[in-house]
Amino acid sequence: MTHLLRRSELAVPACNSNMFAKAAACGADLVFLDLEDAVPAAVKEQSRAKAITALNELDWGRAARAVRINGLDTRWCHDDIIEVVTEAGQNLDTIVVPKARRARDVWWVDVLVTQLEAKLGLSEHIRLEVLIEEVEGLANAEEIAVASPRLDALIFGVGDFSLSQGARVDTNFVPVGDYPGDFWHYARNKVIVAARIAGIDAIDAPYPDFKDLKGYERDARRASLLGYAGKWAIHPDQVPVANEVYSPTADEIARAERNLAAYREAEALGRGAVGVNGVLVDAAHAKMAEAVLARAASIDSSVGSAG
């Protein structure tokens, strides 16, 4: 996974500027101003201008600043990239690319952003996150994940994916009939495998029923067990839940410290493994412990700098 925190990625409609300040201050690791599905066609251009103003004028604190552009097959996408990067590129961390179907979709955005950065003399490279929300995109997830060095996260977009697959689900993307097991396990697992092949993060799908925080937490925990680094939020109330779920627990940190200390001591004595409380701990466990402690340190550093 990357060194960036993406425990919570909050979506905010770019047409609703009254939501921007609250979103920036809610504690999300990343906030993206949505120019795509959340914005009616009649106000696409006005919403783009609102997003540019917000990027340039709002205090975003420690949150990463992002926009989700319109799909590559729409008439707004080209101007989304050019205008936002030209007018607010110095205050933009990430572009979220929807409905990627093949690697060429990511490549096209990469080339355009690269040209703009060179033209404008931007010192910081803008990152890309890509939504896997079409059946074709899921089938090509591995090639999409390695399509650009800018790309550092895949997002499972369950809403449009439901439509693309023809799944019979309700408005919360839950199957309308009895189904054995986790309905979305295959898709979630394929996205995380593709992300890990590329060494990037995977972000779990939105949960539309924003009043059902227990359900949101349940889905977040299931995805976290698979290796997801965070979850999409569509309401600020979901943000603290995601931040907690995707942070190592006190028990996980204590176990990591204990296992790593025991392994290092054994290593110093020329042994490649050691028993800790009756359980074998070897090099693989040491790497797992290091990953847990590195994530905990990253969270402490980010939250501490914000305070």
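## Two annotated residues and a helix

The side chain of Glu133 has a polar atom 2.8 Å from the backbone nitrogen of Lys99. This is a predicted model, and that contact is a good place to begin a look around.

Glu133 has a partner in the records. An unreviewed UniProt entry lists Arg68 and Glu133 under "binding site". These positions are spread over 66 residues of sequence, yet they cluster in space, with a largest C-alpha distance of 13.8 Å. Arg68 and Glu133 both belong to the lining of the second largest pocket.

Here is how the pair can be placed in the model:

| Residue | Location | Relative accessible area |
|---|---|---|
| Arg68 | strand E3 (residues 64-68) | 5% |
| Glu133 | loop between strand E5 (127-132) and helix H5 (135-139) | 2% |

Are these residues buried or exposed? Residues under 20% relative accessible area count as buried. Arg68 is therefore buried, at 5%, and Glu133 is buried too, because its value is 2%.

Who are their neighbours? Setting aside residues up to four places away in sequence, Arg68 touches a run of residues made up of Phe32, Leu33, Asp34, Leu35, Glu36 and Asp37, along with Val96, Pro98, Leu131 and Trp232. On the same basis, Glu133 is in contact with Pro98, Lys99, Gly157, Asp160, Phe161 and Ser164. Pro98 appears in both lists, so Arg68 and Glu133 each touch Pro98.

Now let us turn to helix H9, which takes in residues 213-226. How does the span of H9 compare with what its 14 residues should give? At 1.5 Å a residue the helix should span 20 Å, and because its end C-alpha atoms are 20 Å apart, the two values agree.

Which residues of H9 are buried? They are Gly215, Tyr216, Asp219, Ala220 and Ala223. Around the helix axis these residues cover an arc of only 135°, so they sit on the same side of H9. The face turned away from that buried side carries Lys214 and Leu225, which are exposed.

Several elements help to cover the buried residues of H9. Among them are two helices, H8 (185-198) and H10 (239-245), and two strands, E7 (201-204) and E8 (230-233). After H9 comes Gly227, with a positive phi near 120°.

Technical notes. Residues numbered from 1 in each chain as written. Predicted model: local features only at pLDDT ≥ 70, side-chain atom pairs only at ≥ 80, totals over all residues. Heavy atoms only, no water. UniProt positions renumbered as here; feature names shortened; annotations may be inferred. 1 Å grid on protein atoms, 1.4 Å probe; cavity = no way out; pocket = protein on both sides within 12 Å on 5 of 7 lines; lining within 4 Å. Helix = DSSP H or I, 4+ residues; strand = E, 2+ residues; numbered from the N terminus. Buried < 20%, exposed > 50% of the residue type's maximum accessible area, 1.4 Å probe, protein only. Contact = heavy atoms within 4.5 Å. Polar contact = N/O pair within 3.5 Å; in protein donor to acceptor, adjacent residues only side chain to side chain. Expected span 1.5 Å × (residues − 1). Arc of directions from axis to C-beta.
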